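Student: Hey, I've never looked at this one before. Can you walk me through it?

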Amino acid sequence: MDQRTEQDILLEVKNLQTHFAMREGVVRAVDGVSLTVRNGQTVGVVGESGCGKSITARSILRIEPRPGKIVGGEILWRRAHQNGQPTVVDLAQLDKAGAEIRKIRGAEIAMIFQEPMASLSPVHTIGFQIMEGILLHQHVTRAEARAIAIDTLQLCGMPQPAQTIDRYPHQLSGGMRQRAMIAIALACRPNLLIADEPTTALDVTTQAQILSLMRRLQAELGMAILFITHDLGVIAKMTEYVVVMYLGKIVEAAPVKELFGAPKHPYTEALLRSIPQLGRTGGERLAVIPGNVPDPFSAPPGCPFHPRCHRFIPGVCDTGEPPEVTVAPGHTVRCVLYP
Ligand SMILES: Nc1ncnc2c1ncn2[C@@H]1O[C@H](COP(=O)(O)OP(=O)(O)O)[C@@H](O)[C@H]1O
Ligand SMILES: [Mg+2]
């Protein structure tokens with residue numbers, strides 16, 4: 001079924017653990033996450049708020065916030081070389097302020113965030129912010145960088161790019177700011193774009209426009225996207241493969257059609273049941289799942305979802321952690337119901 005080979009693998013996260021040592025205890029924000037992103041592939045990460053999606057994304061770029069620390073696992077990134085063989089680096093081993101990660105961050109892997117105003121500088125023009133990355137990573141003159149910036153704004157559907165380039169973020173609408181943020185991320189044509197809830201803060205119409213822009217950009221540029229969202233509706237529109245996270249762990253992973261057509265984990269089933277009818281958006285749509293995500297200091301033993309699971313088996317689900325089981329090609333689940 002899957003014709004793709006090892007050479008297609010761009011990013012391979014293996015058993016990643018990012019923990020926060022707090023006075024109250026240890027928060028295992030990311031606790032054994034493994035996922036693979038292939039060239040040009042869109043992989044979705046879905047789960048309720050607080051399950052570790054953003055910390056996974058930030059760990060990959062090595063911008064995990066203090067006191068978060070990668071305490072285990074590997075983040076294998078394949079670097080393309082103009083001449084010769086690609087090399088694989090383990091980003092987890094790099095100094096997060098060192099030269100090596102700074103060559104990769106923004107150039108080979110870029111990220112966009114939920115809130116454009118939080119990642120755009122209010123005191124610099126859009127053009128300055130796009131050119132900053134180009135001048136840092138590419139050997140070009142200012143005039144060339146400006147031309148690339150205008151091209152990139154155009155690519156991102158920014159109206160009148162040659163004028164907008166000299167605007168400040170506050171002079172743009174929410175949708176235009178999101179386009180500017182995407183242009184900054186794409187200025188160096190990264191091989192991987194990490195999009196962390198890029199449309200969650202937008203109204204429905206703008207959200208649809210940004211999603212269709214991202215689909216077009218992916219088709220035109222052929223980049224891979226790691227698409228993070230709490231919204232399974234967005235997952236269905238945007239991704240080929242999905243991993244479902246709960247309390248720092250991946251509980252199920254499958255090709256998108258398979259996940260929607262034949263979900264296995266009771267948590268995935270609950271998430272699917274909580275999708276509101278088509279066309280509605282926003283709000284706390286996941287509240288339908290009974291109970292809350294447990295507080296991060298006291299993760300339950302055994303399967304992390306067992307306190308909320310309607311198929312909970314006492315003495316089984318609350319003891320050992322369920323092993324990963326392959327139920328179909330590319331479809332894995334961690335649940336004792338599937339021996
Ligand atoms: N700066 C921080 N300090 C302490 N704990 C944090 C910090 N950032 C995130 N966490 C904890 O890590 C867990 C995962 O958070 P996050 O990755 O932001 O979740 P998501 O993106 O899925 O909503 C949460 O329990 C959160 O409380
Ligand atoms: Mg988040």
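Tutor: Sure, let's go through it piece by piece, and keep in mind that this is a predicted model.

Student: Okay, let's start with domains. What does the domain assignment of the chain give?

Tutor: The assignment gives domain 1, made of 6-108 + 194-334, and domain 2, made of 116-189.

Student: How far apart are the C-alpha centres of domain 1 and domain 2?

Tutor: Those centres lie 28 Å apart. As for contacts, 10 residues of domain 1 are in contact with 12 residues of domain 2. By class, the side of domain 1 that touches domain 2 has 7 nonpolar, 3 polar and no charged residues.

Student: Got it. Now the start of the chain: in which sense do β1 and β2 pair?

Tutor: They pair in the antiparallel sense, over 10 bridges, with β1 spanning residues 9-22 and β2 spanning residues 25-38. The link from β1 to β2 is a hairpin of 2 residues. If you want a spot to look at, Ala21 stands opposite Val26 in β2.

Student: I clicked on Glu12 in β1. What does Glu12 touch?

Tutor: Not counting residues up to four places away in sequence, Glu12 touches Thr36 and Leu76. There's also Ile75, which is 63 residues from Glu12 in sequence but 5.9 Å from it in space, C-alpha to C-alpha.

Student: And why does Glu12 count as partly exposed?

Tutor: Because Glu12 has 18 C-beta neighbours inside 10 Å, and a residue needs 20 or more to be buried.

Student: Switching topics: there's a ligand. Which residues come nearest to ligand 1?

Tutor: Ala29, Lys53, Ser54, Ile55 and Pro296 come nearest, out of 13 residues around ligand 1. The elements that give two or more residues to that shell are β2 and α1 (53-61).

Student: Which one gives the largest share of the shell around ligand 1?

Tutor: That's α1, with 3 residues.

Student: How do the residues of that shell around ligand 1 divide, nonpolar, polar and charged?

Tutor: There are 7 nonpolar, 5 polar and 1 charged.

Student: Okay, odd backbone bits next. Where is there a cis peptide bond?

Tutor: Look between Arg66 and Pro67, where omega is about 0°. Pro67 is in the loop between α1 and β4 (68-79). For background, most residues other than glycine have a negative phi, and most peptide bonds are trans.

Student: So which residue has a positive phi of about 50° although it is not a glycine?

Tutor: Arg189 does. You'll find Arg189 in the loop between α7 (174-186) and β7 (192-196). Leu247 also has a positive phi without being a glycine, in its case about 45°, and Leu247 belongs to the loop between β9 and β10.

Student: Is Leu247 buried or exposed?

Tutor: Leu247 is buried, because 22 other C-beta atoms lie within 10 Å. Arg189 is partly exposed, with 16 other C-beta atoms within 10 Å.

Student: Let's do some helices. How far does α4 reach?

Tutor: Helix α4 covers residues 126-137, which is 12 residues, and reaches 18 Å from its first C-alpha to its last, close to the 16 Å expected at 1.5 Å a residue. Its buried residues include Ile126, Gln129, Met131 and Ile134.

Student: What covers the buried residues of α4?

Tutor: The cover includes α5 (142-155), α6 (161-164) and α7. In α7 itself you'll find Gly175, which is buried, with 20 other C-beta atoms within 10 Å. Leaving aside neighbours within four places in sequence, Gly175 is in contact with Leu202, Thr206, Gln209 and Ile210.

Student: And which residues of α11 are buried?

Tutor: In α11, residues 266-273, they are Pro266, Tyr267, Thr268 and Leu271. Their cover includes β3 (42-46), α9 (232-238), β9 (241-246), β10 (249-255) and α10 (256-261).

Student: Last one: which residues are buried on the two faces of β6?

Tutor: Ile109 and Met111 are on one side, Ala110 and Ile112 on the other, and all are buried, so both faces of β6 (residues 109-112) are covered. In a regular strand the side chains alternate between the two faces of the sheet. As for pairing, 4 bridges join β6 to β7, which run parallel, and the bridge partner of Ile109 in β7 is Leu192.

Technical notes
Residues are numbered from 1 along each chain as its sequence is written. Chains are lettered from A and ligands numbered from 1 in the order in which they are written. This is a predicted model: local features need pLDDT of at least 70, side-chain atom pairs count only at pLDDT 80 or more; totals for chains, interfaces and linings use all residues. Two strands pair if DSSP finds at least two bridges between them. A residue is near a molecule or strand if its C-beta atom, placed from the backbone, lies within 6 Å of it. Ala, Val, Leu, Ile, Met, Phe, Trp, Tyr, Cys and Pro count as nonpolar, Asp, Glu, Lys and Arg as charged, and the others, Gly among them, as polar. A residue is buried if 20 or more other C-beta atoms lie within 10 Å of its own, exposed if 12 or fewer, and partly exposed in between; C-beta atoms are placed from the backbone. Two residues are in contact if their C-beta atoms, placed from the backbone, lie within 7 Å. Domain bounds come from an automatic or database domain assignment. The expected span of a helix is 1.5 Å times one less than its number of residues.
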